[in-house]
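Reader: Please present the sequence and the structure, and then take my questions in turn.

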Amino acid sequence: MALPRMRPSFTLEVACRVEDAMEILGTRLGANAHGVEGSFSRRHGVRCMPEANRRFWSPCLDLTIEEIAERLQDGSPVVRVWGTFSPRAEIWTGFVFAIGILAIVAFASLFFGIAQILSGHPPWAWVVPVLAPVLATGIYVSALVGQGLAAADMHHMRAYVEACLGEAGELARRPSAESFPTRPSP
C-alpha cells in the first residue's frame, strides 16, 4: 500500500497552445468568481486561496505548463500542465526545518551515545534517536491531517484550473479568422 504523498500532484493535457493556456489562466485571476488568487510568470504559476478565506492549512497550487512533442492528428499542439499542491511557503519551510532539526539532533545524539560507550559511560543519549522518528511521524501525521482539512480547497483550485484549461481548449477548437474565405474587394 502506498503512503499518502506529502505534496499531492496531478497532470492534465489539453489541446491548445501554451500561450492560450497561460493567457486564460493569467487573465482569469483578476475577475474570477472562484475566489482564487496568485501570480504567473512565463510558464509557471502559483494559485492560493484569497487572504480572506485562507487558513493555516490552506494549500497553494504550483502549476508548470509546457507544450509536449506529441500532437493531435490534425497537427494542433498539446499542452501538459503539472500541478502540485503544497502548504504555503512559510508552512512548508517550517515543516522541512523541523524534520531537518530532528535528523541533525538524532545523528548528533547517536554519535554522542557512541562516545559515551567508548568512554565507559551508559549511553543515555541514544534515547533521542529513538524518539526522533516518533516525533517525525507526528509531524507527518499532522501534515496528512492538514491535507484532509484542505481537501475542499484543493478540489476548488483544481476545478478552477480545469475550467480555465477547458476554456483554452475550446478557444483552440474555434475556427480562426484566417480559415474563413475572404471575398475579393471590388
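Reader: Leaving aside its neighbours within four places in sequence, with which residues is Asp62 in contact?

Author: This is a predicted model, in which local features need pLDDT of at least 70 and side-chain atom pairs count only at pLDDT 80 or more, while totals for chains, interfaces and linings use all residues. Residues are numbered from 1 along each chain as its sequence is written, and side-chain values use heavy atoms, with hydrogens and water left out. Contact means heavy atoms within 4.5 Å. Once neighbours within four places are set aside, Asp62 touches Arg7, His44, Gly45, Val46, Trp82, Gly83, Thr84 and Ser86.

Reader: Is Asp62 buried or exposed?

Author: Asp62 lies in strand S4; strands (E, at least two residues) and helices (H or I, at least four) are DSSP runs numbered from the N terminus. Buried means under 20% relative accessible area, exposed over 50%, and partly exposed in between, with a 1.4 Å probe and protein chains only. Seven of the 10 residues of S4 are buried, so this strand is largely enclosed by the rest of the structure. With a relative accessible area of 18%, Asp62 is buried.

Reader: In what order do the five strands stand in the open sheet?

Author: The protein chain has four helices and five strands, which run β-α-β-β-β-β-α-α-α from the N terminus on. Two strands pair if DSSP finds at least two bridges between them. In the open sheet the pairing is antiparallel, and the order is S1-S5-S4-S3-S2.

Reader: Which strands stand at the edges?

Author: The five strands form an open sheet. An edge strand has a single partner strand, so one side of it is left without a neighbour in the sheet. The two strands in that position are S1 (9–14) and S2 (37–40).

Reader: How many bridges does S4 form with S5?

Author: Strands of a sheet pair through backbone hydrogen bonds, either parallel or antiparallel. S3 and S4 run antiparallel and are joined by five bridges, with Cys60 in S4 as the bridge partner of Cys48. Between S4 and S5, Thr64 has Trp82 as its bridge partner, and Glu67 stands opposite Val79. S4 (residues 59–68) and S5 (residues 78–87) are antiparallel, and their bridges number 10.

Reader: What angle does the direction of helix H1 make with that of S4?

Author: Axes are lines fitted to C-alpha atoms, for helices over the stretch in contact, and angles between N-to-C directions run from 0 to 180 degrees. Helix H1 (residues 18–27) packs on the sheet and touches S2, S3 (44–48), S4 and S5. Its direction and that of S4 make an angle of about 160°.

Reader: Which side chains of S1 point to one face and are buried?

Author: S1 pairs with S5 in the antiparallel sense over six bridges, and Ser9 stands opposite Thr84. The side chains alternate along S1: Ser9, Thr11 and Glu13 point to one face and are not buried. The buried side chains, on the other face, are those of Phe10, Leu12 and Val14.

Reader: With which residue does Glu13 form a salt bridge?

Author: A salt bridge is a side-chain nitrogen of Lys or Arg within 4 Å of a carboxyl oxygen of Asp or Glu, and by this rule the count is six. Glu13 and its partner have their closest N and O atoms 2.6 Å apart. The pair joins S1 to S5, so it ties together parts that are 67 residues apart in sequence. The partner, partly exposed at a relative accessible area of 22%, is Arg80.

Reader: How many residues apart are Asp153 and Arg55?

Author: The side chains of Asp153 and Arg55 meet in a salt bridge, with 3.0 Å from N to O. Asp153 is in helix H4 (residues 151–173) and Arg55 in the loop between S3 and S4, which places these residues apart in the chain by 98.

Reader: Which residues make the nonpolar surface patch of about 710 Å²?

Author: Patches are made of residues with over 30% relative accessible area and no salt bridge, like charges being joined within 9 Å and nonpolar side chains (Val, Leu, Ile, Met, Phe, Trp, Tyr) within 5 Å; areas come from the Shrake-Rupley method with a 1.4 Å probe, and for residues only the protein chains shown count as cover. One member, Trp126, is in the loop between helix H2 (89–118) and helix H3 (127–149) and is partly exposed at 34%. The patch is made by Phe107, Leu110, Phe111, Ile114, Ile117, Leu118 and Trp126.
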